[in-house]
Amino acid sequence: MKRPNNYRYALLIIFLFSLASFSCEKGLEEKTYDRYSSSTFFLNAEDVKAAVTGMYAGMLNAGFYGGGWGAANEGWNAQSSFTTDELVCSWGWDGWRKFNQLNFSEDFSQLLNHYNGLMPVISEIAIDIDKIQGVQMDETLKNRYIAELKALRAHYSWILYNCYGPVPIRLDAKEAANPSAQPIPRPDAAWMVAQIEKDYKEGFEGLPKASELAASDYGRFTKDICLMGLMKLYLHEKNWASVISTGKQLQTYGHGLQSNYKDIFTFANKGNIQEVILAIPCRFDASVNNNLWLAMCMPGNYVDPEGLTITQWGGYKMPWKAYDKFDQQDKRLSVLLAKWPTSGGAIFDARANNYIGAIPMKYGPDPGAISEAQGTDIIVWRYADVLLMLAEAINETQGPVQEACDLVNAVRTRAGVATYQPGQFTKDTFRKKIMDERFFELWCEGSRREDMIRWGTFVQHAKEEGSIFAKPEFVLYPLPRKVIDESKGVIKQNNGY
């Protein structure tokens with residue numbers, strides 16, 4: 001993967017904003033670095049920390065507006081919802097409908113930019129791991145930073161694998177640093193899975209638990225994150241035994257469900273690791289690390305009960321067909337709005353006014369925000385997902401035994417809905433209950449696409465909604481045509497494109 005000529009400077013800018021997000025209110029002294037010059041960078045532990053922190057830019061896809069785990073059409077999080085049953089959009093841009101219909105092509109740039117954004121970051125990680133080796137610093141801290149980079153590489157590699165299948169990531173630092181390096185072919189799936197697993201496991205060995213992390217390091221990778229990343233990988237591969245063993249290990253790390261679902265996604269929940277396993281720390285005044293979700297969702301006539309000003313673009317909606325699957329007593333509907341307050345205290349009924357769906361508010365507002373950029377942290381992974389992954393794996397291997405029911409029931413009890421007993425279900429019918437529960441609990445958190453692909457309902461759903469474009473091959477995105485062309489055939493395109 002060739003590195004753009006301006007990449008070193010772009011990453012420096014992203015690093016500065018990322019570091020601002022992690023260090024909260026601490027001031028920053030801006031310095032000029034050339035990350036590829038041994039005379040100005042990688043001289044000490046401060047440089048190493050800066051380099052590692054810069055690699056967190058990939059969480060929001062290295063600066064693509066609202067990308068990565070962000071809320072815009074460049075983000076795999078938003079695309080997970082729009083390519084499934086979770087979201088539709090009331091804006092005019094045709095791309096939203098293309099997502100809904102799986103109308104994919106090599107010219108659909110929003111499908112390509114995960115590759116364009118993350119492949120250079122993965123190459124940079126290989127370079128950084130190599131350069132850090134020679135820095136004179138505390139060896140324990142050095143090993144921790146290397147472990148952090150490996151865990152980040154595992155995470156980004158997993159996103160790419162999830163979107164595109166196996167991709168030709170570079171692990172050799174010299175090749176990664178050489179813009180003229182010969183292209184390498186795509187590996188097979190087994191190699192990619194083994195490499196992600198290896199990086200997560202090596203990251204795990206060198207990282208602290210979340211409970212051991214300093215408050216100022218909130219948002220950085222931990223053992224907990226590595227275990228959850230492994231669970232996600234094993235779930236994708238239907239390696240049920242490893243899902244169970246890894247999940248049970250993570251259960252010993254002190255996490256639990258917060259008592260109120262709505263509170264998880266509030267500004268006040270910053271730094272709370274009870275349920276949150278991986279979050280992206282956000283600030284309303286950061287140019288990259290901010291949360292755009294509310295602006296994307298909230299309608300113009302919504303009036304915040306606390307009097308806060310919210311930028312309201314009002315595009316994203318959950319279709320009524322999906323909304324109506326919820327038990328209307330479900331407490332999770334508190335942030336999925338079919339009705340809301342307007343001026344003068346009036347209540348607006350979306351369905352009665354012909355809206356195409358309910359408002360997926362999800363996140364609470366940031367009291368300090370002055371634009372669409374919010375400082376409420378983006379939640380990536382949390383403990384409720386661990387419980388539901390465990391329940392699915394146990395059901396697949398043992399059927400709807402008491403343990404599997406108990407795991408689902410913990411989530412349902414918080415939601416205030418009826419619980420389940422083992423004798424109610426067969427393995428197949430309980431699988432469907434788990435499928436529903438993952439939707440009810442995790443909507444718009446980036447899980448739906450991979451879940452529906454695993455269950456074999458992803459393409460089927462698009463066809464049932466009337467798509468004439470959906471193909472079985474579209475469980476994977478296309479690689480950028482430029483990558484295929486520049487490799488002169490060494491890198492092969494995914495089938496169906």
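Hi everyone, let me start with a tryptophan. W93 is partly exposed, with a relative accessible area of 35%. Before I go on, please keep in mind that this is a predicted model.

So who does W93 pair with? Its ring and that of W96 have their centres 5.4 Å apart. The planes of W93 and W96 stand at 90 degrees, so this pair is edge-to-face. W96 itself has a relative accessibility of 4%, so it counts as buried.

W96 has another aromatic pairing, with W91. Here the centres are 5.9 Å apart and the planes make an angle of 55 degrees, which puts the pair in the tilted class. And is W91 buried or exposed? Neither, in fact: W91 is partly exposed, at 29% relative accessible area. To put these tryptophans in context, a search of the whole structure finds 32 aromatic pairs.

Let's stay with rings, but bring in some charge. K362 lies over the face of W443, 4.0 Å from the ring centre. There is a similar arrangement to show you at Y253, where K209 sits over the ring face at 4.5 Å from the centre.

Y253 also gives me a link to my next residue, M59. The two are 194 residues apart along the chain, and their C-alpha atoms are separated by 24 Å. You will find M59 in the loop between α2 (45–54) and α3 (76–82). Is M59 buried or exposed? With 3% relative accessibility, M59 counts as buried, because the cut-off for that class is under 20%. Leaving aside residues up to four places away in sequence, M59 touches G67, G68, W69, W76, H155, Y156, F221, L278, I280 and V380.

Last topic: the second largest pocket. Its volume is about 500 Å³. The lining of this pocket is made of 22 residues, and those closest to the centre are D85, K325, M452, H461 and E465. Which elements give two or more residues to that lining? They are α4 (94–101), α12 (320–323), α15 (427–442), α16 (448–455) and α17 (458–464). By class, the lining of the second largest pocket has 10 charged, 7 nonpolar and 5 polar residues.

If you have the model open, a nice place to begin is W96, with W93 edge-to-face to it and W91 tilted against it. Thanks for listening, and I'm happy to take questions.

Definitions and conventions:
Residues numbered from 1 in each chain as written. Predicted model: local features only at pLDDT ≥ 70, side-chain atom pairs only at ≥ 80, totals over all residues. Heavy atoms only, no water. 1 Å grid on protein atoms, 1.4 Å probe; cavity = no way out; pocket = protein on both sides within 12 Å on 5 of 7 lines; lining within 4 Å. Points joined across faces, edges and corners; volume = space filled by probe spheres on them. Helix = DSSP H or I, 4+ residues; strand = E, 2+ residues; numbered from the N terminus. Nonpolar A, V, L, I, M, F, W, Y, C, P; charged D, E, K, R; others polar. Phe/Tyr/Trp six-rings, centres within 6.5 Å; stacked < 30°, edge-to-face > 60°. Buried < 20%, exposed > 50% of the residue type's maximum accessible area, 1.4 Å probe, protein only. Lys NZ or Arg CZ within 6 Å of the ring centre and 35° of its normal. Contact = heavy atoms within 4.5 Å.
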